[in-house]
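Colleague: Could you take me through a close look at a single part of this model, and then set it beside the other parts that you can describe with some care?

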Amino acid sequence: MTDPAPPVIDVRHLRKTYAGPEGTTKVAVDDVSFTVGRGEIFGILGPNGAGKTTTVECVAGLRRADSGEISVLGHDPQADPASIRESVGVQLQESALHDKITVDEAMRQFAAFYEHPSDVEELLRLLDLADHRGVQFANLSGGQKQRLSIALALVGNPQVAILDELTTGLDPAARRATWDLVERVRDSGVTVLLVTHFMDEAERLCDRLVIIDGGTVVAEGTPADLIDGLDGSRAVRLRFTPDRTDRALAVLTALAADGADVESVNRSGSEIEVTGTRKVLFAVVQALAADDLVPEDVRTVSRSLEDVFVQFSGRTYQDETTAEVAA
Ligand code: ADP
């Protein structure tokens, strides 16, 4: 038997603190470990302040960790940041480009830093920037600026691309276009380390991910496995006519007490929510049919990574997403 392919990125017990005011210490990353395989889109998901950016800055050799081990393509970016310079592309969170530089000029300037740069023309086409090559940075739309920042991360022809909060501030159409693009980048053979605080983005895009909260990993896996592994991972919501709601609640509560497939029954106004295993809907319908209780409305509720966060962190997913989008 051959050994499995070595991981592209391996992070073990990473810890990073910052000096706070008046001699205090701020633990940004407490204990983070994960492994990224070749060709994956691997997500680091968590609320703002969880330690995501600090983690990837340490992986990219841009920040010195307090302790822990990091290996990127067999190199140690902490001991020797230059060892990964050609093979890891980092997307700048806020592009620090001059307003007057054009797309084409930025690409060619950045390409000149690398020994084996990508084909700039091909990259412009891949990122739908070919028609905007002569446009100055200040005149690009939010989506175009993001695409340019991704293009600049890829211009050195890296094996690994680190993309940090790449869809913040984009409208829904531009977000979806950016997601398609990240998949194209992955399909072209680049391993992607994706930092995001958007649950839907991680669910849609990541092959595997870690969820980080307060500087520690609270969950790790594929989005589907994490969601399937939730307690009460299926939920059904039912509505009955007012004269039948109490009776239905009694039948379903009895089912929860007896049945292996039903975990909880909760009433909220005229709605009853039942959670349980994959067979919960089947069990509910059978029990109701036996009592001739026909609901007015039945909806199955799908779970998301947000529910995974709630279960593993023990708190609701609160971040500044809503405020940010509204702002
Ligand atoms: P995230 O990317 O998940 O939002 P960060 O890694 O940026 O998290 O930050 C983690 C924590 O470390 C936050 O509490 C943040 O305020 C703090 N922090 C980040 N950078 C610095 C810094 N340069 N100096 C002091 N504290 C910092």
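Modeller: Taking phenylalanine 113 as the part to look at, and bearing in mind that this is a predicted model, I would begin with its contacts: leaving aside residues up to four places away in sequence, phenylalanine 113 touches Arg85 and Glu86. Phenylalanine 113 itself sits in the loop between α2 (103-111) and α3 (120-126). Its C-alpha atom is separated by 71 Å from that of alanine 289, a residue 176 places away along the chain.

Turning to the helices, α8 (residues 242-258) packs with α9 (residues 280-290) at an angle of about 130°, and their axes are 10 Å apart. Because angles of 65 to 115 degrees count as roughly perpendicular and those over 145 as roughly antiparallel, α8 is oblique to α9. The crossing of the two, α8 and α9, is right-handed. On the α8 side the contact is made by Ala248, Val251, Leu252 and Leu255, which meet Ala283, Val284, Ala287 and Leu288 of α9. The residues of this contact between α8 and α9 comprise eight nonpolar, no polar and no charged.

There remains the ligand, whose surroundings include Tyr18, Lys26, Pro47 and Lys52, together with Ala50, Gly51 and Thr53. For these last three, backbone atoms can be placed against ligand oxygen atoms: a backbone N or O atom of alanine 50 lies 3.0 Å from an oxygen atom of the ligand, while for glycine 51 a backbone N or O atom lies 2.9 Å from a ligand oxygen atom, and a polar backbone atom of threonine 53 is 2.8 Å from an oxygen atom of the ligand.

Technical notes:
Residues are numbered from 1 along each chain as its sequence is written. This is a predicted model: local features need pLDDT of at least 70, side-chain atom pairs count only at pLDDT 80 or more; totals for chains, interfaces and linings use all residues. Side-chain values use heavy atoms; hydrogens and water are left out. Axes are lines fitted to C-alpha atoms, for helices over the stretch in contact, and angles run from 0 to 180 degrees between N-to-C directions. Helices (H or I, at least four residues) and strands (E, at least two) are DSSP runs, numbered from the N terminus. Angles under 35 degrees count as roughly parallel, over 145 as roughly antiparallel, 65 to 115 as roughly perpendicular and the rest as oblique. A crossing is left-handed if the near helix is turned anticlockwise from the far one by less than a right angle, and right-handed if clockwise. Contact means heavy atoms within 4.5 Å. Ala, Val, Leu, Ile, Met, Phe, Trp, Tyr, Cys and Pro count as nonpolar, Asp, Glu, Lys and Arg as charged, and the others, Gly among them, as polar. A residue is near a molecule or strand if one of its heavy atoms lies within 4 Å of it. A polar contact is a pair of N or O atoms within 3.5 Å; within protein, one must be able to donate a hydrogen and the other to accept it, and residues adjacent in sequence count only if both atoms are side-chain atoms.
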